[in-house]
Amino acid sequence: MDFCLAFGSIAVFGFLAWILAILSIDADLLTIIYTYFGKSLDGTFADKVVWVTGASSGIGEAVSKELAKHRTKIVISARRVDELNRVKRECLELSNSLTDADILVLPLDMTDYSSHQSAFKKVLDHFGRLDILVSNAGRSQRANWEEIETEVDKQLFDLNVFSLLALSRIVLKYFYRVGKGHLVVMSSVAGKNGIPFSASYTASKYALHGYFACLRNEIASKNIAIPVTLICPGPVFSGFLKEAFTAKKDQKFGQDVPSTHKRMSAQRCSYLTLTAIANELEECWVSIFPYLQLTYLSHYQPYLAGCVWKWLSSSGKAMKMRDGRESIQKVE
Ligand SMILES: NC(=O)c1ccc[n+]([C@@H]2O[C@H](COP(=O)([O-])OP(=O)(O)OC[C@H]3O[C@@H](n4cnc5c(N)ncnc54)[C@H](OP(=O)(O)O)[C@@H]3O)[C@@H](O)[C@H]2O)c1
């Protein structure tokens, strides 16, 4: 009887401690534990060659800068060359040891698939190898579900899913040839929750989880150690809301994220991202309250999570939490 009581008390206190911990952290428990006890970022990233797509702003820019602090040789890609040059300058300022040749500015429109192979060749010509691909380029969305034009679904998947897959396939064949490498994919908590008013975007992130879960098992069947890490951030300060798709083809949402809004900094997100990469985690959830906690709920208690999301949506809180406003504003 005493044993049962002791065992029961430990279980209850353990569970309560787990809940309390999850309420107070800004990434999944494993990632947080690795920030204290995991591999050092310096040891892991020094002299590695890492290719970051979507590096001209937001999370990709922050990841590149964090890498620069750890003496990584970086390839930075996006479409805006001026912004890439600015990011390169700022990376060099942050680093004590990198030289001009250690950061390659590689302009790339991800949706121009025909340019992927030659872009990758430039990486190999310049550095002689690639160790990690961080597929980060992507755009969000604000739209009412029933108004989304099919062309928008296609454009969004073209960028967020198909272009990312096309580049990953080219790089993966190289990783197979050399017998090592690491694929990192920027997903979102939208890849784990049904986020209202972002249907095509949410679906695009869910799709990434499906594609890369299959890939992990195919890699395992070849007995090669090539980790695949999916990063799932919640709201982060970046330029994403300006660039977000709407329901209409070729239209951008065009609004700034209110500076007063509750979001994680891109810098914190990039630090947690590098922690997950260094420790070769399969998935990493990075978010402020309550998105992290909702992601835990969606993962372990989908029915309960569904109830919470319906309540948040019906009370107008879901949009307010996301964008600091109660409904999506009309785009002219
Ligand atoms: N911010 C958030 O709250 C949040 C949350 C979860 C997940 N994410 C994910 O994080 C990633 C980065 O987003 P962000 O928030 O940092 O937004 P951002 O500041 O708008 O950055 C997006 C990046 O993608 C690049 N990009 C867009 N279209 C491209 C194309 N066709 N070809 C090549 N590059 C392209 C942009 O560069 P150019 O315009 O110069 O090409 C830019 O560097 C996305 O995958 C997004 O889904 C963001």
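Let me begin with a single residue, threonine 72, which touches Phe45, Asp47, Lys48, Val50, Leu67, Leu98 and Asp102, leaving aside residues up to four places away in sequence. I should say at once that what we are looking at is a predicted model. Threonine 72 has its place in the loop between α4, residues 58-69, and β2. Is threonine 72 buried or exposed? Its relative accessible area is 0%, and because buried means under 20%, threonine 72 counts as buried. Its side chain also reaches the backbone oxygen of leucine 67, at 3.0 Å, and leucine 67 is one of the residues that threonine 72 touches.

From that loop we can move on to the sheet. Seven strands form an open sheet, and if you follow them across, the order is β3-β2-β1-β4-β5-β6-β7, with parallel pairing. The edge strands are β3, residues 103-105, and β7, residues 283-286, each of which pairs on one side only. From one strand to the next, the twist averages 15°. As a general reminder, the strands of a sheet pair through backbone hydrogen bonds, in either a parallel or an antiparallel way.

Let us take β2 and its neighbour β1. Strand β1, residues 49-53, and strand β2, residues 73-77, run parallel and are joined by five bridges. Which residue in β2 is the bridge partner of tryptophan 51? That partner is valine 75.

Lying across β1, β4 (132-135) and β5 (182-186) is helix α7, made of residues 150-178, which runs at about 175° to β4.

Now to the other side of the order, and to β6, residues 228-233, where six of the six residues are buried. In a regular strand, side chains alternate between the two faces of the sheet. In β6 both faces are covered, with Val228, Leu230 and Cys232 buried on one side, and Thr229, Ile231 and Pro233 buried on the other.

Strand β6 pairs with β5 in the parallel sense over four bridges, and it pairs with β7 in the parallel sense, again over four bridges. Leucine 230 takes part in both pictures, since it stands opposite valine 185 on the β5 side and opposite glutamate 283 in β7. Finally, how are β5 and β6 connected, and what is the handedness of the unit they make with helix α8? Together, β5, helix α8 (residues 199-221) and β6 make a β-α-β unit that is right-handed.

Definitions and conventions: Residues numbered from 1 in each chain as written. Predicted model: local features only at pLDDT ≥ 70, side-chain atom pairs only at ≥ 80, totals over all residues. Heavy atoms only, no water. Pairing = 2+ DSSP bridges. Helix = DSSP H or I, 4+ residues; strand = E, 2+ residues; numbered from the N terminus. Axes fitted to C-alpha atoms, helices over the stretch in contact; angles between N-to-C directions. Contact = heavy atoms within 4.5 Å. Buried < 20%, exposed > 50% of the residue type's maximum accessible area, 1.4 Å probe, protein only. Polar contact = N/O pair within 3.5 Å; in protein donor to acceptor, adjacent residues only side chain to side chain. Right-handed = clockwise from strand over helix to strand, strands pointing away.
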